[in-house]
Amino acid sequence: MNETEILSRVSLFSHLKSRDLKRIAKLSRHCTYTRGEKIISEGEQDGSLFVIISGEVEVIKNLGQKSEKCLRRLGPLCYFGEMALIDDLIRSASVVAGKDTSALCIDQWDLRQEIVKYPVLAIELLQMLNRRIRALEKSFVNTVGTFLPLCANCKKIKDQNGSWVTIEEYIVDNTDSEFNHEVCPECTDKLCPVP
């Protein structure tokens, strides 16, 4: 199967005509990775998009750390790297070859030019990101739960170990969130009343 045929079977590119797929295929480069090889590093600034031809990759948050977590596994005809492609921010997770993997790599700027020509690409990217947001919401509810034992007096939460911790501690321990303390308008009025 050549690059044009591969791209035609990937959801992101499946709506494009043959001549457009050929052009994108010419812009891509063929990359191979051995099992365990890092393809993307969390925290890097890189905007390439990868389309898996064969093999499997694992998307991993906090690779090599105590809090390491595999977010998903992707196989042939799946793509990854689209978040950094869209928002120009650093990579939010690492991607490691779970098996020997072959992929097409498309540069961010080349793909952005194609998105301008064919907005249907943007719609597909939005749908993919939306599916991931829904999965994250479901995962968050499964992790944190919908009902938390909350002390009626001090507002501490009972964690999985039965210990009572502050809301801030609970969220930091159970999510990737951090806090930025501010004062709401209601409390500002109480703490600093205007004469």
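Buried, in this report, means under 20% relative accessible area, exposed means over 50%, and partly exposed is in between. With 3% relative accessibility, phenylalanine 50 therefore counts as buried. Please keep in mind as you read that this is a predicted model.

## An aromatic pair

Let us stay with phenylalanine 50 for a moment. The whole structure holds 1 aromatic pair. Its partners are phenylalanine 50 and phenylalanine 80, whose ring centres are 5.0 Å apart with planes at 5°, so the pair is stacked. Phenylalanine 50 belongs to strand β3 and phenylalanine 80 to strand β6 (residues 79-80), so the pair ties together parts that are 30 residues apart in sequence. Phenylalanine 80, at 4% relative accessibility, is buried too.

## The nonpolar cores

Which residues of the largest nonpolar core touch the most other members? They are Leu7, Leu12, Phe13, Leu49, Val51, Tyr79 and Ile106, out of 20 residues in that core. At least two residues of this core come from each of α1, α2, β3 (49-54), β8, α4 and α5 (119-144). Apart from it lies another core, of 14 residues, including Ile39, Ile52, Leu74 and Cys105. As background, nonpolar side chains in soluble globular proteins tend to be buried together.

Valine 51 gives a good view of the surroundings. Beyond residues up to four places away in sequence, valine 51 touches Ile6, Leu7, Val10, Phe13, Cys78, Tyr79, Ser102, Ala103 and Leu104. Two of these neighbours, Ile6 and Ser102, are worth a visit of their own.

Isoleucine 6 sits in helix α1 and, at 4% relative accessibility, is buried. Its contacts, leaving aside neighbours within four places in sequence, are Met1, Val51, Ile53, Leu77 and Leu104. For a sense of scale, the C-alpha atoms of isoleucine 6 and glycine 43 are 29 Å apart in space, with the two positions 37 residues apart in sequence numbering.

Serine 102 is part of strand β8, and its 10% relative accessibility makes it buried. What does the side chain of serine 102 make a polar contact with? The partner is the side chain of histidine 30, at 2.5 Å. Not counting residues up to four places away in sequence, serine 102 touches His30, Cys31, Thr32, Val51, Ile52, Ile53 and Ser54.

## Two helices with a buried side

Helix α2 (residues 18-27) has Asp20, Leu21, Ile24 and Ala25 as buried residues. Why do they lie on the same side of α2? They cover an arc of only 140° around the axis, and that puts them there. The spacing fits a general pattern: an α-helix has 3.6 residues a turn, so residues three or four places apart point the same way. Arg19 and Lys26 are exposed, on the face of α2 turned away from its buried side. The cover over the buried residues of α2 includes α1 (3-8), β8 (101-106) and α4 (108-117).

Helix α4 can be described in a similar way. Gln108, Leu111, Glu114 and Ile115 are its buried residues. Their arc around the axis is only 125°, which puts them on the same side of α4. Gln113 and Val116, on the other side of α4, are exposed. At the N-terminal end, aspartate 107 caps α4, with a side-chain oxygen 3.1 Å from the backbone nitrogen of tryptophan 109.

## Cysteines and positive phi angles

How many disulfides are there? The count comes to 0. Cysteine 151 is in no disulfide, and the nearest cysteine sulfur, that of cysteine 154, is 3.6 Å away. A disulfide needs the two sulfur atoms within 2.5 Å. Cysteine 151 is partly exposed at 22% relative accessibility, and cysteine 154 is partly exposed at 44%.

Two residues that are not glycine have a positive phi, and the table sets them out.

| Residue | Phi | Place | Relative accessibility |
|---|---|---|---|
| Asparagine 62 | about 60° | loop between β4 (57-61) and β5 (69-74) | 14%, buried |
| Lysine 155 | about 70° | loop between α5 and β9 (157-158) | 43%, partly exposed |

Technical notes: Residues numbered from 1 in each chain as written. Predicted model: local features only at pLDDT ≥ 70, side-chain atom pairs only at ≥ 80, totals over all residues. Heavy atoms only, no water. Buried < 20%, exposed > 50% of the residue type's maximum accessible area, 1.4 Å probe, protein only. Helix = DSSP H or I, 4+ residues; strand = E, 2+ residues; numbered from the N terminus. Arc of directions from axis to C-beta. Contact = heavy atoms within 4.5 Å. Core = buried A, V, L, I, M, F, W, Y, C linked by side-chain atoms within 4.5 Å. Phe/Tyr/Trp six-rings, centres within 6.5 Å; stacked < 30°, edge-to-face > 60°. Polar contact = N/O pair within 3.5 Å; in protein donor to acceptor, adjacent residues only side chain to side chain.
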